[in-house]
Amino acid sequence: MTPRTGGGRWSVERLTVLYDAQCSLCVHLRQWLMKQRQLVPLDLVPADSAEAHRRFPGLDHSGTLEEITVIGDRGQTYRGTSAWIVCLWALAEHRPKAHWLTTPAGRPFARATVLAASAYRSLTAEPCRADGGEGAGAGAGGACRVQGPGPAT
């Protein structure tokens, strides 16, 4: 971390994005993020994976499967709409849009976009079975399997 000039505030040098590796939309957005020029490096880690647990032992990992979660290198935690905005803020070509999305005019647009993505995700995701059966997307004990990301494209 490096202090900003004049105020002693600390800048963010790295962000970790926890995404649902079982969600086709989430995987697509992961690939899109990786192709963008990043002003702040993004580490994309499958939510509720062994790597996520290793990096963030005190985090509610089941919650990270419900909504996108971004963790800053100083422990800042962003969820949902704020997480999407901070992802855009990390990208060179989208930082101005991220700033606009934090304004009173832009925030409702950001929220509507996140709600639309969530609705799409709920319609397209394979359900995990909570009854312990081996259903679509279920692993041992009925928990969702979290696979690592495929090769970066």
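Six helices and four strands make up the protein. The model is a predicted one. Read from the N terminus, the elements follow the order β-α-β-α-α-β-β-α-α-α. The chain has 153 residues, and 38% of them are buried. Take the contacts in the protein with a separation of 6 or more: 54% of these join residues 24 or more positions apart. The exposed surface comes to about 8,800 Å², with 56% of it supplied by carbon and sulfur atoms.

Start inside, with helix α4. Eight of its 10 residues are buried, so α4 is largely enclosed by the rest of the structure. The buried residues of α4 are G80, T81, A83, I85, V86, C87, L88 and W89. What lies over them? The cover includes the strands β1 (15–19), β3 (69–72) and β4 (77–79). It also includes the helices α1, α5 and α6.

Two aromatic residues come next. W89, one of the buried residues of α4, has a charged neighbour. R95 lies over the face of the W89 ring, 4.0 Å from the ring centre. The structure also holds one aromatic pair. Its members are W100 and F109, with ring centres 6.1 Å apart. Their planes meet at 55°, and the pair is tilted. W100 has a relative accessibility of 35%, so it counts as partly exposed.

Now follow helix α6, which covers residues 107–124. How far should its 18 residues reach? At 1.5 Å a residue, the expected span is 26 Å. The end C-alpha atoms are 26 Å apart, which agrees. The buried residues of α6 are A110, V114 and R121. They cover an arc of only 35° around the axis, which puts them on the same side of α6. Which elements cover them? Among them are α1 (24–35), α4 (80–89) and α5 (95–101). The face of α6 turned away from the buried side carries P108, S122 and L123, which are exposed. The covering goes both ways: α4 is part of the cover of α6, and α6 is part of the cover of α4.

Turn to the stretch after β2. D48 sits in the loop between β2 (42–46) and α2 (50–55). Its relative accessible area is 28%, so D48 is partly exposed. The backbone of D48 deserves a look. Most residues other than glycine have a negative phi. The phi of D48 is near 60°, a positive value in a residue other than glycine.

D48 leads on to H61, since D48 is one of the residues that H61 touches. H61 belongs to helix α3 (residues 61–64). Is H61 buried or exposed? Its relative accessible area is 4%, and buried means under 20%, so H61 is buried. Leaving aside residues up to four places away in sequence, H61 touches D48, A52, H53 and F56. S49 is 12 residues from H61 in sequence, and their C-alpha atoms are 8.5 Å apart in space.

Move along the chain to E67. This residue is in the loop between α3 and β3. With 35% relative accessibility, E67 counts as partly exposed. Which residues does E67 touch, not counting residues up to four places away in sequence? They are R79 and G80. G80 is among the buried residues of α4, so to speak a way back to the enclosed helix. E67 and A47 are 20 residues apart along the chain, with C-alpha atoms separated by 9.6 Å.

The last stop is Q76, in the loop between β3 and β4. Q76 has 22% relative accessibility and counts as partly exposed. The cut-off for buried is under 20%. Beyond residues up to four places away in sequence, Q76 touches V12, V70 and I71. Q76 also shows how the chain brings distant positions together: L15 is 61 residues away in sequence, yet the two C-alpha atoms are 9.2 Å apart in space.

Key:
Residues are numbered from 1 along each chain as its sequence is written. This is a predicted model: local features need pLDDT of at least 70, side-chain atom pairs count only at pLDDT 80 or more; totals for chains, interfaces and linings use all residues. Side-chain values use heavy atoms; hydrogens and water are left out. The expected span of a helix is 1.5 Å times one less than its number of residues. Buried means under 20% relative accessible area, exposed over 50%, partly exposed in between (1.4 Å probe, protein chains only). The arc is that of the directions from the helix axis to the C-beta atoms. Contact means heavy atoms within 4.5 Å. Rings of Phe, Tyr and Trp (its six-membered ring) pair if their centres lie within 6.5 Å; planes under 30 degrees apart count as stacked, over 60 as edge-to-face and the rest as tilted. A charge sits over a ring if NZ of Lys or CZ of Arg is within 6 Å of the ring centre and within 35 degrees of the ring normal. Accessible areas come from the Shrake-Rupley method with a 1.4 Å probe; for residues, only the protein chains shown count as cover.
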